[in-house]
Amino acid sequence: SVLPPPLAAAVAGDARELLLALRRRTGRRQFIARLELVLGDTCTRWHCDNNIARALVTYTGPGTFCANEQGVTRDSADGGVAAVQEDAAEQMAAGDFLIMKGGQWPGTAGRGVAHRAPHV
């Protein structure tokens with residue numbers, strides 16, 4: 001492991017909890033798990049993912065922004081995010097688990113949760 005043993009154990013425990021929560025919620029048995037070191041800005045524009053669901057945990061630094069659907073203006077053509085009212089956005093704190101429905105979640109009709117990465 002590239003992580004110090006105490007941190008590696010904490011991350012492994014978090015991954016286990018998160019995967020079990022996803023399994024209970026979705027009924028699926030197979031997931032993709034990644035641990036990423038983010039060194040700069042990633043996707044800082046509002047968007048939704050074209051997947052079933054996505055889960056994020058930020059361990060240090062600013063967390064992901066997630067928008068309440070009532071404050072999201074959608075593109076009528078594809079359900080993508082056209083705009084988000086700033087008061088509809090909430091920023092996750094370090095250590096928060098964020099589980100988001102994607103555009104392929106049953107019943108979302110391509111309208112997954114609007115989110116964006118913070119500037120780092």
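This report walks through a predicted model, from its overall build to its open and closed spaces and a few individual residues.

## Overall build

Start with the big picture. The protein has one helix and seven strands, and they come in the order α-β-β-β-β-β-β-β as you read along the sequence. The helix, α1, covers 5-26, and β1 covers 53-57. Further along, β2 takes in 65-67, while β6 spans 97-101 and β7 spans 115-116.

Lay the model along its principal axes and the C-alpha atoms fill a box of roughly 50 × 35 × 20 Å. Of the 120 residues in the protein, 28% are buried. As for how the chain meets itself, take the contacts between residues at least 6 apart in sequence: 74% of them join residues at least 24 apart.

## The largest pocket

The largest pocket has a volume of about 1,500 Å³. Its lining takes in 43 residues, and those lying nearest the centre are Arg34, Glu36, Ala55, Leu56 and Val57. Three elements, α1, β1 and β7, each give two or more residues to that lining. The top contributor is α1, with eight residues.

What sort of residues make up the lining of the largest pocket? By class, they split into 24 nonpolar, twelve polar and seven charged.

## A closed space

Now for the space with no way out. Rolling a probe the size of a water molecule over the atoms shows where empty space is left. Here the tally is one cavity of 30 Å³ or more, and the largest cavity holds about 40 Å³ of space.

Around the largest cavity sit Leu56, Val57, Thr58, Gly63, Thr64, Met92, Ala93, Asp96 and Leu98. Sorted by class, that lining comes to five nonpolar, three polar and one charged residues.

## Thr64, part of the cavity wall

Thr64 is one of the residues lining the largest cavity, and it belongs to the loop between β1 and β2. Is Thr64 buried or exposed? Its relative accessibility is 11%, so Thr64 counts as buried.

Once you set aside residues up to four places away in sequence, Thr64 touches Leu56, Thr58, Glu90, Gln91, Met92, Leu98, His115, Arg116 and Pro118. Several names come back here: Leu56, Thr58, Met92 and Leu98 are also among the residues that line the largest cavity.

## The loop between β6 and β7

Three residues in this loop are worth a look. Gly103 lies between β6 and β7, and at 13% relative accessibility it is classed as buried. Thr108 is in the loop as well and is also buried, with a relative accessible area of 12%. Ala109 is found there too, but Ala109 counts as exposed, at 68% relative accessibility.

Gly103 and Thr108 are linked by a side-chain-to-backbone approach: the side chain of Thr108 reaches the backbone oxygen of Gly103 at 3.1 Å. Leaving out residues up to four places away in sequence, Thr108 touches Lys101, Gly102 and Gly103. With neighbours within four places set aside, Gly103 has contacts with Asp49, Asn50, Asn51, Thr108, Ala109, Gly110, Arg111 and Gly112. Gly103 and Val113 are ten residues apart in sequence, with 7.8 Å between their C-alpha atoms. Ala109 has a backbone detail to check on your screen: its phi is near 50°, a positive value in a residue other than glycine.

## Cysteines

How many disulfides does the structure hold? The count is zero. Cys48 is in no disulfide, and the nearest cysteine sulfur, that of Cys43, is 11 Å away.

Why is Cys66 unpaired? The closest cysteine sulfur to that of Cys66 is in Cys48, and at 11 Å it is too far for a bond; a disulfide would need the two sulfur atoms within 2.5 Å. Cys66 also counts as buried, because its relative accessibility is 15%, and buried means under 20%.

Methods:
Residues numbered from 1 in each chain as written. Predicted model: local features only at pLDDT ≥ 70, side-chain atom pairs only at ≥ 80, totals over all residues. Heavy atoms only, no water. Buried < 20%, exposed > 50% of the residue type's maximum accessible area, 1.4 Å probe, protein only. Helix = DSSP H or I, 4+ residues; strand = E, 2+ residues; numbered from the N terminus. Polar contact = N/O pair within 3.5 Å; in protein donor to acceptor, adjacent residues only side chain to side chain. Contact = heavy atoms within 4.5 Å. 1 Å grid on protein atoms, 1.4 Å probe; cavity = no way out; pocket = protein on both sides within 12 Å on 5 of 7 lines; lining within 4 Å. Points joined across faces, edges and corners; volume = space filled by probe spheres on them. Nonpolar A, V, L, I, M, F, W, Y, C, P; charged D, E, K, R; others polar.
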